[in-house]
Amino acid sequence: MESYMELLDGLENRFGGIELKADALPESSVLFESQLKCSLERWLDQDIQVVWIEIPLSHASCIPIAVSEGFVFHHSTTEHLMLTKQLVKDAFVPLYATHYIGAGGVVMNDKEELLVVCERFRGGGRPPYYKLPGGALHPSEHLADGVIREVFEETGVPTHFDGLICFRHWHGYRYDKSDIYFVCRLKPMHQIIKMQTAEIEECFWMPVQEYLQSENVSQFNKIIVKVAIGNKGLQQTWVDGYGDRERYEFFIPEEDG
């Protein structure tokens, strides 16, 4: 009598594939290998396009088994590795995240002074240069919240979000990923500086005209500061029909009149 092998339990997705989550994997890597082989045969008969397997650290011994069956790495987090296998040639496999997201703040006071910082760690022996405070967004963090947080962490100056001025996009950044850097206009709530000494070497209010004429400021920063003067930029707003404000964030120009 032919023995029955239980298949791995997965859910079909909208790309014609099947996804296996961590809780669908057996505890034994030997059992995983047997079930995976049988499951692949069944999925081929069912015209499944792609198989996705999320393998947590607790099941790391399953990774070489999946690779031996033709799976490749798709992406990883600190908790799991995602692998995929195309059962149909050229089947569509969406890419994982390809970009870093960062934000900087143009913070000007009523004296036409600009809040600037000089980073403590500068690559390649670069001389001191003055930049806008800011940094990388946290996962699931809105842009407006992130730039306010970063400016406060580096300078100790609390601010209000006032507008999105521009963004810069480049490739070949950290780990060969691309990078999008948003520049926002912020209003300071006070001018008392409490500099973050771990990463920042200098932090002070610099007259805007001095900043625009300084040799220690990049051309890009000079351009965006000029744009920020007298320019409201895109305003943070809401669009009806999107129910979750924790998930969505919109920036739209103000209507004339």
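**Exercise 1. Charges**

Find how far apart the mean positions of the positive and negative charges of the protein are.

*Solution.* Start with the counts: there are 23 positive and 39 negative charges. Then compare their mean positions, which lie 7 Å apart. Note that this is a predicted model.

**Exercise 2. Overall form**

Count the helices and strands, then decide whether the protein is a compact globule or more spread out.

*Solution.* Step one: the protein has 5 helices and 13 strands. Step two: take the radius of gyration, 25 Å. Step three: for 257 residues the globule rule gives 18 Å. The value of 25 Å is well over that, so the protein is more spread out than a compact globule. Step four: look at the box filled by the C-alpha atoms, roughly 90 × 50 × 30 Å along the principal axes.

**Exercise 3. Surface and contacts**

State what share of the residues is buried, and what the protein exposes.

*Solution.* Of the 257 residues, 41% are buried. The exposed area is about 15700 Å². Carbon and sulfur atoms supply 51% of that area. Now turn to contacts between residues at least 6 apart in sequence: 63% of them join residues at least 24 apart.

**Exercise 4. Cysteines**

Work out how many disulfides the structure holds, and whether Cys184 and Cys203 are buried or exposed.

*Solution.* A disulfide needs two cysteine sulfur atoms within 2.5 Å. The structure holds 0 disulfides. For Cys184, the nearest cysteine sulfur belongs to Cys166, 8.9 Å away. For Cys203, the nearest is that of Cys118, at 11 Å. Next, apply the burial cut-off, under 20% relative accessible area. Cys184 has 0% relative accessibility, so Cys184 is buried. Cys203 has 13%, so Cys203 counts as buried too.

How values were computed: Residues numbered from 1 in each chain as written. Predicted model: local features only at pLDDT ≥ 70, side-chain atom pairs only at ≥ 80, totals over all residues. Heavy atoms only, no water. Helix = DSSP H or I, 4+ residues; strand = E, 2+ residues; numbered from the N terminus. Rg over C-alpha atoms; globule rule 2.2 N^0.38 Å. Buried < 20%, exposed > 50% of the residue type's maximum accessible area, 1.4 Å probe, protein only. Contact = heavy atoms within 4.5 Å. Areas by Shrake-Rupley, 256 points an atom, 1.4 Å probe, with all protein chains shown as cover. Lys, Arg positive; Asp, Glu negative; His and termini not counted. Charge placed at Lys NZ, Arg CZ, Asp CG, Glu CD.
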